[in-house]
Amino acid sequence: MSGNGRLAGKAAIVTGSDSGIGRAIALRFAQEGAAVTVNYHRNAQGADEVKGLIEQAGGRAIVTQADVAATADVQRMIDGTVRAFGGLDILVNNAGVEIPKPFLDVPEDEWALVLATNLTGPFICMQAAVRAMLQGQRKGRIVNISSIHEDVPMPGNAPYCAAKGGLRMLMRTLCDELAPQGITINNIAPGAIATPINQRTLADPQKIATLNAYIPLGRLGTPEEVAAVAVFLASDEASYVTGSTYFVDGGMTRHALGL
């Protein structure tokens, strides 16, 4: 790992970094010199693998189990990070869940679970992280992994879209509140990315062909392409960037059929 990378000397938490986009971000952050807290909810093996890869390359990492929607778990994760690395500079809210289902078939408990993980979780994590950043007098960076569905409707996935739309306005509001303290906050909105959460789609060649035809660049994105944008937003290079959503979607949100 680079001792003079773009995130050298920084301490970061990446929620849900046991797989997919979170895993790619944790590995890239460590490559850029950050000490990383690898967070997982249930996949301990995945989190340990990420930590092992970071340490094999000469980086620093700890693993913390935490449900991002549980305040006590989140505070334990924040406190552990500060103890291990001497402070907290970067929070990436990546942990998420979706349960696609027609609106009339969505039970209240599934609605509550999706909102708790995808919206309440980031709120809890940001509140605890900002307190730690202010206490440590750090000019922190917050990066939320949202979705193109913070802006683009997705029939059959109402709870997920509602949560991501809420995350967009939460980010925009906190931009104003946190800027005076030197803390920036931005969203990354991935489109179709090849991750475990999309496994059913990836296993269906017809669905892949249909999806690729809808994406101007003609292919799915990779977790590493999302991680590249996350590194920029977490670095000093983005010191004047706050309150924005960065779409990483191959042009998907701009797709249009000529008549």
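In this predicted model, the crossing of helices α1 and α2 is right-handed. The two helices, α1 spanning residues 20-31 and α2 spanning residues 44-56, pack at an angle of about 20°, and their axes lie 10 Å apart. Since angles under 35 degrees count as roughly parallel, α1 and α2 are therefore described as roughly parallel to each other. On the α1 side the residues that meet the partner helix are Arg-23, Ala-26, Leu-27 and Ala-30, while α2 contributes Gly-46, Glu-49, Val-50, Leu-53 and Ile-54. Sorted by class, this contact of α1 with α2 consists of six nonpolar residues, one polar residue and two charged residues.

From this helix pair the reader can turn to the sheet. Seven strands form an open sheet, in which the order is β3-β2-β1-β4-β5-β6-β7 and the pairing is parallel. At the edges stand β3, residues 61-65, and β7, residues 245-248, each of which pairs on one side only. From one strand to the next, the twist averages 20°.

Within that order, β1 (residues 11-14) and β4 (residues 90-93) are paired in the parallel sense over three bridges. To place this pairing on the sequence, one can start from Val-14, whose bridge partner in β4 is Val-92.

The helices can now be related to the strands. Helix α1, already met as the partner of α2, lies across β1, β2 (35-40), β4, β5 (141-145) and β6 (184-190), and runs at about 170° to β1. Helix α5, which comprises residues 158-178, also packs on the sheet, where it touches β5, β6 and β7, and its direction makes about 160° with that of β6.

A closer look at α5 leads to one of its residues, Leu-170, which has its place in this helix. Because its relative accessible area is 18%, and buried means under 20%, Leu-170 is classed as buried. When residues up to four places away in sequence are not counted, Leu-170 touches Leu-119, Phe-123 and Met-126. As for Thr-242, which is 72 residues from Leu-170 along the chain, the C-alpha atoms of these two residues are separated by 13 Å.

Taken together, the path through the model runs from the right-handed crossing of α1 and α2, through the open sheet of seven strands, to helix α5 packed on that sheet and the buried residue Leu-170.

Terms used
Residues numbered from 1 in each chain as written. Predicted model: local features only at pLDDT ≥ 70, side-chain atom pairs only at ≥ 80, totals over all residues. Heavy atoms only, no water. Axes fitted to C-alpha atoms, helices over the stretch in contact; angles between N-to-C directions. Helix = DSSP H or I, 4+ residues; strand = E, 2+ residues; numbered from the N terminus. Parallel < 35°, antiparallel > 145°, perpendicular 65-115°, else oblique. Left-handed = near helix turned anticlockwise from the far one by under 90°. Contact = heavy atoms within 4.5 Å. Nonpolar A, V, L, I, M, F, W, Y, C, P; charged D, E, K, R; others polar. Pairing = 2+ DSSP bridges. Buried < 20%, exposed > 50% of the residue type's maximum accessible area, 1.4 Å probe, protein only.
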